[in-house]
Amino acid sequence: MLDGPKVSQSELAKRFGVSQPQICRIIKNKERILSEWHQNSNPERKRKREGKDVAVEAALLRWVESARAAELPVSGPLLQVKAKNLAEALGKPSFEPSSSWLARFKLRHNIALEKPPRERGDAEQPAAERWASAVLPDLLRSYAPSEVYSCGETGVLLRAAPPAEDERAGPGGRLTLLLCANADGSEKAALRVVGQSPRPRCLRGVNLQHMPWSYRAGSLARLTAPLFAEWLRDFNEEMRRKGKSVLLLLDKREAHPYLELSNVRMVFVPPAAALAQPLDRGIARDLKGHYRRRLLTRLPAAHGSEQPTLLDALHMLVQAWGDVRPGLIASCFRAAGFSPDVGPEALLAPVRLGQEQLERFVLMDQGLERLGEPADTEMAEVADWDGGTAEGEDAGEPAAVQPCPSEPEVRDSLATLRRYLECRATSPDLFQAFYALEDAVHMVSAS
């Protein structure tokens, strides 16, 4: 219209129901508007509104263009992860790429995300029928068992007993655990725990840099793509420090974005073989059994209605993760077919509890009624010891002997020591010594 017969600006304003200054601005910026429209802008937009972080969006848009030029897959969760990384690089760590921001970004720049028929490189998902017979054996021949890792999520309840039938556990009462271990059980990655609260009161004053666990907050206590990408980068950095190049097998989910990493090769297991993941073969179940046992034994009988704090649960989960034996992990990898000497039929083999595991679950609650109540014979021995007189000791002199601490006093002392380590610890290894001491004390108490 602007290139056709001459029409006055006033006539154009009347025709389109706008003011004459608006027509003047459009004519003045004609070249820029047409250039943006031809590049990537949304033709349905009537106003050009910039985002709050123009620099971040401009950098992300350039990255999207380069990714599409290289025919790389681009998804919504991956855009959020990349936007967060670019914002941190641009000195804006407080920028949060929410789902609503992502929707507006795509609308502003006319970006349509289409799922590619097949992802490239190590993110390729082979057909399920080829997975057990060809793809997995080829992968395992390229890595030692100690270099083959599997990761996944599982949920746990904070409370000692499951909720009643008419009661549902809210997100504040559950946690999501990110577990990762290698095929021979020689290494278990530190627990990454996701809860709902972004700033739990019980974690105030805790030196989080030196804890044997890490805690993050997620919507409804779920693992999100940005949280998983953060863990991937941390895991890759740990492998780089150890000088290892490893294979990481995982399920293909929306919360599992694919990243190009220097020391970690990601391979997604086909959906049809998802049940064959080692974590689903008994590793996660064994951890939950140890965690529940610790919940039941740590809560005194007199205070059974009290629920542990998030901090208590985090420490008990680390101890339960340490209780999972390397032999069990290795057997779960073999049962999943993640071993060169296991045939494809193992992918569908049923999993049964061993005798030792069965006895532990059956006898899990045994001896709880004795917590806080020493046996009569023990009380008699203590009375005899307190009433006796050592050789050379004057019976008329009152003996300056500290009384035996009660079990509540011992528990308070352990809590005080743990709090001291939480605030002053310089290494997660210190907590392993504390956990061993705590276990020893509870064994004495329960005996």
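**Exercise 1. Find which residues are linked in a network of salt bridges, and place that network in the whole structure.**

Step 1. Start with the rule: a salt bridge is a side-chain nitrogen of Lys or Arg within 4 Å of a carboxyl oxygen of Asp or Glu.

Step 2. Apply the rule to E187, E238, K242 and K244, and you will find them linked in a network of salt bridges.

Step 3. Widen the search to the whole structure, which gives 19 salt bridges.

A word on what you are looking at: this is a predicted model, where local features need pLDDT of at least 70, side-chain atom pairs count only at pLDDT 80 or more, and totals for chains, interfaces and linings use all residues. Residues are numbered from 1 along each chain as its sequence is written, and side-chain values use heavy atoms, with hydrogens and water left out.

**Exercise 2. Examine the salt bridges E230 with R216, R418 with D312, and E407 with R411, and say where each partner lies.**

Step 1. Two terms help here. Helices (H or I, at least four residues) and strands (E, at least two) are DSSP runs, numbered from the N terminus. Buried means under 20% relative accessible area, exposed over 50%, and partly exposed in between (1.4 Å probe, protein chains only).

Step 2. Take E230 and R216, whose side chains meet at 3.0 Å, N to O. This pair links distant parts of the chain, with E230 in helix α8 (residues 225–242) and R216 in strand β4 (residues 213–217), 14 residues apart. E230 has a relative accessible area of 23%, so E230 is partly exposed. R216 is partly exposed too, because its relative accessibility is 26%.

Step 3. Move on to R418 and D312, with 2.7 Å from N to O. R418 lies in helix α14 (residues 407–424) and D312 in helix α10, so this salt bridge ties together parts that are 106 residues apart in sequence. R418 counts as buried because its relative accessible area is 14%, while D312, at 23%, is partly exposed.

Step 4. Finish with E407 and R411, where the closest N and O atoms are 4.0 Å apart. Both residues sit in helix α14, four residues apart, or about one turn of the helix. E407 has a relative accessible area of 22% and R411 has 25%, so E407 is partly exposed and R411 is partly exposed.

**Exercise 3. Describe the largest nonpolar core and the surroundings of W213.**

Step 1. A nonpolar core is a set of buried Ala, Val, Leu, Ile, Met, Phe, Trp, Tyr and Cys residues joined through side-chain atoms within 4.5 Å. In soluble globular proteins, nonpolar side chains tend to be buried together.

Step 2. Count the residues: the largest core has 53, and W213 and L249 have the most contacts inside it. Helix α10 (residues 310–323) gives the largest share of this core, nine residues. At least three residues come from each of domain 2 (128–160 + 172–353) and domain 3 (407–446), with the bounds taken from an automatic or database domain assignment.

Step 3. Look around W213, using contact in the sense of heavy atoms within 4.5 Å. Once neighbours within four places in sequence are set aside, W213 is in contact with L191, L203, V206, L208, L311, L314, H315 and V318.

Step 4. Apart from this core, look for another one of 25 residues, including L223, A229, M266 and F268.

**Exercise 4. Which residues are buried in helix α11, and what follows this helix?**

Step 1. Scan helix α11 (residues 326–335): L328, I329, A330, C332 and F333 are buried there.

Step 2. Go past the end of α11 to G337, whose phi is positive, near 85°.

**Exercise 5. Locate K288 and list what it touches.**

Step 1. K288 is found in helix α9 (residues 283–298). Its relative accessibility is 32%, so K288 counts as partly exposed.

Step 2. Leaving out residues up to four places away in sequence, K288 touches T154, G155 and V156. The C-alpha atoms of K288 and T154 are separated by 9.4 Å, although the two residues are 134 apart along the chain.

**Exercise 6. Sum up the chain: how many helices and strands does it have, and what share is buried?**

Step 1. Count 15 helices and six strands.

Step 2. Of the 447 residues, 38% count as buried.
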